[in-house]
Amino acid sequence: MSLLCCIRYRIDPFKQEAFETYAREWLRVIPACGGRLLGYFMPHEGTNDIALGLIEFDSLADYEAYRARLRSDEGGRANFEFAEAERLILGEARSFLRRVEA
C-alpha cells in the first residue's frame, strides 16, 4: 500500500512568484531524495493563498528516511533557507492519504 503525502501550504498571496521558485526547486530535490513527486500546484482561480505538494511513498518508514535525506541534502537545505528568508509560507499542514483500491 502506498501513501500520498499531501502538503497544504498557506502562502503569502503577494509572494506567489517566490513560492513557485521554491516549488520548482523541489521538482529536482524530492526525486533525488527518494520521493515520487506527483507535483506542486499553485493557486489559479478562487483562493489565492493555498498551494499543494503531492509526494508518494511506499510506507511511513520510507517517508521518514526521505525526510532524513532531505535535511542532509544541500539543495534541500538551501530551499528551506530560501523559504524562511523570503517568509513566503505562512502555514503548512501534512496529511497522509491512502489510495482507494477496487
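Student: How many bridges join strand 1 to strand 4?
Tutor: Strands (E, at least two residues) and helices (H or I, at least four) are DSSP runs, numbered from the N terminus. Two strands pair if DSSP finds at least two bridges between them. One bridge sets Ile7 opposite Arg94 in strand 4. Strand 1 and strand 4 run antiparallel, and the number of bridges joining them is 9.

Student: What kind of model is this?
Tutor: Residues are numbered from 1 along each chain as its sequence is written, and side-chain values use heavy atoms, with hydrogens and water left out. Local features need pLDDT of at least 70, side-chain atom pairs count only at pLDDT 80 or more, totals for chains, interfaces and linings use all residues, and the model is predicted.

Student: Which strands are the edge strands of the sheet?
Tutor: The open sheet has 4 strands in the order 2-3-1-4, with antiparallel pairing. An edge strand pairs on one side only, and here that fits strand 2 and strand 4.

Student: Which residue in strand 3 is the bridge partner of Leu3?
Tutor: Strand 1 and strand 3 pair in the antiparallel sense over 8 bridges. In strand 3, the partner of Leu3 is Phe57.

Student: What angle does the direction of helix 1 make with that of strand 2?
Tutor: Axes are lines fitted to C-alpha atoms, for helices over the stretch in contact (heavy atoms within 4.5 Å). Angles run from 0 to 180 degrees between N-to-C directions. Helix 1 packs on the sheet and touches strand 1, strand 2, strand 3 and strand 4; with strand 2 the angle is about 175 degrees.

Student: Which helix gives the most residues to the largest nonpolar core?
Tutor: A nonpolar core is a set of buried Ala, Val, Leu, Ile, Met, Phe, Trp, Tyr and Cys residues joined through side-chain atoms within 4.5 Å. Buried means under 20% relative accessible area, exposed over 50%, and partly exposed in between, with a 1.4 Å probe and protein chains only. The largest core has 21 residues, and Tyr9, Phe19, Tyr22, Trp26, Tyr40 and Tyr66 have the most contacts inside it. With 7 residues, the top contributor is helix 1.

Student: Which side chain of opposite charge is nearest to Asp49?
Tutor: Asp49 is found in the loop between strand 2 and strand 3. Lys and Arg count as positive, Asp and Glu as negative, and His and the chain ends are not counted. A salt bridge needs a side-chain nitrogen of Lys or Arg within 4 Å of a carboxyl oxygen of Asp or Glu. Asp49 is buried and has no salt bridge; 4.6 Å away is the nearest opposite charge, Arg10.

Student: With which residue does Glu20 form a salt bridge?
Tutor: Glu20 counts as partly exposed, because its relative accessibility is 31%. Its partner also lies in helix 1, 4 residues apart, about one turn of the helix. The closest N and O atoms are 2.9 Å apart, and the partner is Arg24.

Student: How many residues apart are Glu56 and Arg99?
Tutor: Glu56 forms a salt bridge with Arg99, with the closest N and O atoms 3.2 Å apart. The pair links distant parts of the chain: Glu56 sits in strand 3, Arg99 in the segment after strand 4, and the separation is 43 residues.

Student: Why does Arg87 count as exposed?
Tutor: Arg87 lies in the loop between helix 3 and strand 4. Arg87 counts as exposed because its relative accessibility is 63%.
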